[in-house]
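Colleague: I am new to this model and would like a close look at one part of it, the surroundings of the ligand, followed by whatever helps me to place that part within the whole.

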Amino acid sequence: MTVLVAGGAGYIGSVTAAELLRQGYEVVVYDNLDRGHRRATPPGAVFVEADLGDFRTLVVTLKKHAVDTVMHFAAHSLVGESMEKPELYYENNVVVGKRILDAMRAAGVNYLVFSSTCATFGEPARLPITEDLPQHPTNPYGETKLAFERMLHWYHQLHGLNYTVLRYFNAAGAAHGLGEDHDPETHIIPLLLQVALGEREGITIFGDDYPTPDGTCIRDYIHILDLAQAHILAMEKKRDTASHYNLGNGAGYSVKEVIEATRRITGHAIPAKVGARRPGDPPALVGSAEKIKRELDWRPQYPDLESIIQSAWEWHQRHPGGYQD
Ligand SMILES: NC(=O)c1ccc[n+]([C@@H]2O[C@H](COP(=O)([O-])OP(=O)(O)OC[C@H]3O[C@@H](n4cnc5c(N)ncnc54)[C@H](O)[C@@H]3O)[C@@H](O)[C@H]2O)c1
C-alpha cells in the first residue's frame with residue numbers, strides 16, 4: 001500500500017512517514033519545503049518537492065505511485081500569524097485543501113487522514129474535550145481547519161470520499177531521529193530545550209493568574225510516535241467510512257509543571273519570568289482519547305510527560321540549532 005504524506009518534511013509528517021516505512025508501507029513525501037526540512041524526509045521515501053496547490057503535479061504523483069491513501073499534514077498552523085494574515089490561512093488550509101480533494105478524485109484515490117486540531121473547539125464548554133462538543137473556533141487557524149473538516153463531510157456525502165479526522169492537542173517529543181524545528185518556534189517544549197542548550201536566554205510564562213491550581217495554563221501533550229500510530233490505525237481500520245477522533249492524552253500539565261519537568265531532565269535552571277496573558281488563551285485544553293481507544297484500540301506508548309520531554313531533549317542535544325537546512 002502506498003501513502004502520500006502531504007507535508008511530510010514537517011514535524012509530525014516526517015515522523016509519521018518514517019513510522020509508515022518501518023511498518024512496511026511505501027511512502028511518497030510531498031512538500032514544498034516552505035516550512036519543512038529536506039533533512040527531515042526519511043530515506044526510503046520518494047520525495048516530491050512541489051506545492052499541493054499544483055493540481056497537475058499532484059494528480060501525476062498520485063497516479064504514478066499508485067497512491068491508496070493521503071495523509072494530509074500540510075498547513076499553516078500558527079495561531080498568532082493567522083490573526084494577522086487570515087488570507088494566508090484561507091488560501092493554504094482551505095483553497096489548497098480543496099485542490100487536494102479534487103486531485104484525489106481525479107486520480108481515483110478515495111481515503112484521506114486529516115491533521116485537525118483542538119483549535120477547532122475554541123473555548124470548550126467542558127473538559128476533557130470529547131468529539132461531540134460544539135466547535136466554535138476563536139481564530140482563523142482553527143476556523144480554516146474546521147472549514148476543511150466540513151469540506152470533507154460534504155465530499156464524503158456527495159462524492160463518496162472517505163476520511164478520518166484526527167484532532168491533535170500538542171504534539172511533542174522526537175522519534176526515528178526526527179524532531180521539532182519550527183521557525184518561528186512557538187511550542188513550549190522546544191523553546192525550553194533551546195534555553196537548556198544556551199540558544200535562548202529564558203522563557204516567558206504568559207500569565208500566572210488563571211483559574212488553575214498553580215495559576216498557569218494547562219495543556220495536553222502527546223508523543224509524536226503515538227500520533228503517528230493513530231494515523232496508521234485509522235488507515236488500517238477506518239478507510240471505508242468517515243470518522244472523527246480527538247487525540248489528547250486525557251491528562252493536562254500546567255506550564256509550570258512542564259518547566260519543572262524540563263529542569264529535572266536537562267539539569268538546567270531554565271530562567272522563567274511571568275509576562276502578560278496572551279489574548280485568547282483558554283485556561284485549560286485537555287482532550288479525551290476514549291473514543292479512539294475504544295474504536296481503534298489505540299494505546300499510547302509514551303503517555304507521561306517525562307518520556308515525551310526526554311525524547312525531545314535527546315534529539316535537541318544531537319541537533320543544536322535544528323536541522324540547519
Ligand atoms: N504541532 C502540533 O502540536 C499540532 C497540533 C494540532 C494540529 N497540528 C496540525 O498538524 C499538521 C502538521 O503540523 P506540524 O507541526 O508538523 O507542521 P509543520 O509546519 O512542521 O509541517 C507542515 C509541512 O507542510 C508543508 N506545507 C505547508 N503547506 C504546503 C503546501 N501548500 N504545499 C506543500 N507543502 C506544504 C510545510 O513545508 C511543512 O513541511 C498541521 O496541519 C497542523 O495544523 C499540529
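Modeller: The element that gives the most to the shell around the ligand is α1, with 3 residues. Helices and strands here are DSSP runs numbered from the N terminus, a helix being H or I over at least four residues and a strand E over at least two. This is a predicted model, in which local features need pLDDT of at least 70 and side-chain atom pairs count only at pLDDT 80 or more, while totals for chains, interfaces and linings use all residues. Residue numbers start from 1 along each chain as its sequence is written.

There are 27 residues around the ligand, and G7, G10, Y11, G36 and A75 are the ones that come nearest. Two or more residues of this shell come from each of α1 (11–22), α4, β5 and β7 (170–172). A residue belongs to such a shell if its C-beta atom, placed from the backbone, lies within 6 Å of the molecule. By class, the shell holds 11 nonpolar, 12 polar and 4 charged residues. In that count Ala, Val, Leu, Ile, Met, Phe, Trp, Tyr, Cys and Pro are nonpolar, Asp, Glu, Lys and Arg are charged, and the others, Gly among them, are polar.

Two of these elements, α4 and β5, also meet helix α5, since the buried residues of α5 pack against α3 (79–84), α4 (86–107), β5 (111–117) and β6 (162–168). The buried residues of α5 are P140, Y141, G142, E143, T144, K145, L146, F148, L152 and Y155. Buried means that 20 or more other C-beta atoms lie within 10 Å of a residue's own, exposed that 12 or fewer do, and partly exposed that the count falls in between, with C-beta atoms placed from the backbone. Helix α5 covers residues 140–159, and at 1.5 Å a residue its 20 residues should span 28 Å, which agrees with the 27 Å between its end C-alpha atoms; the expected span is 1.5 Å times one less than the number of residues. After α5 comes G160, with a positive phi near 75°. Within the helix, L146 has 23 other C-beta atoms within 10 Å and is therefore buried. Leaving aside residues up to four places away in sequence, L146 touches T120, Q135 and P137, a contact being two C-beta atoms, placed from the backbone, that lie within 7 Å.

From β7, another contributor to the shell, the chain enters the loop between β7 and α6, which holds P184. The peptide bond from D183 to P184 is cis, with omega near 5°. H176 lies in that loop between β7 and α6 too, and it has a positive phi of about 55° although it is not a glycine. As general background, most residues other than glycine have a negative phi, and most peptide bonds are trans. H176 is partly exposed, with 19 other C-beta atoms within 10 Å. Beyond the loop, helix α6 (residues 188–196) has I188, I189, P190, L192, L193 and V195 buried, and what covers these buried residues includes β7, β8 (203–206), α8 (255–266) and α10 (305–318).

To place these pieces, the protein is divided into domain 1 (2–171 + 223–247) and domain 2 (188–219 + 251–318), with bounds that come from an automatic or database domain assignment. The contact between them takes 22 residues from domain 1 and 17 residues from domain 2. On the side of domain 1 that touches domain 2, α7 (224–237) and β10 (242–247) each supply at least two residues, and α7 gives the most, with 7 residues.

As a whole, the protein has 10 helices and 13 strands. Its radius of gyration is 19 Å, close to the 20 Å that the globule rule gives for 325 residues, so the protein is as compact as a globular protein of that length; the radius is taken over C-alpha atoms, and the rule is 2.2 Å times the number of residues to the power 0.38. Buried residues make up 47% of the 325 residues.
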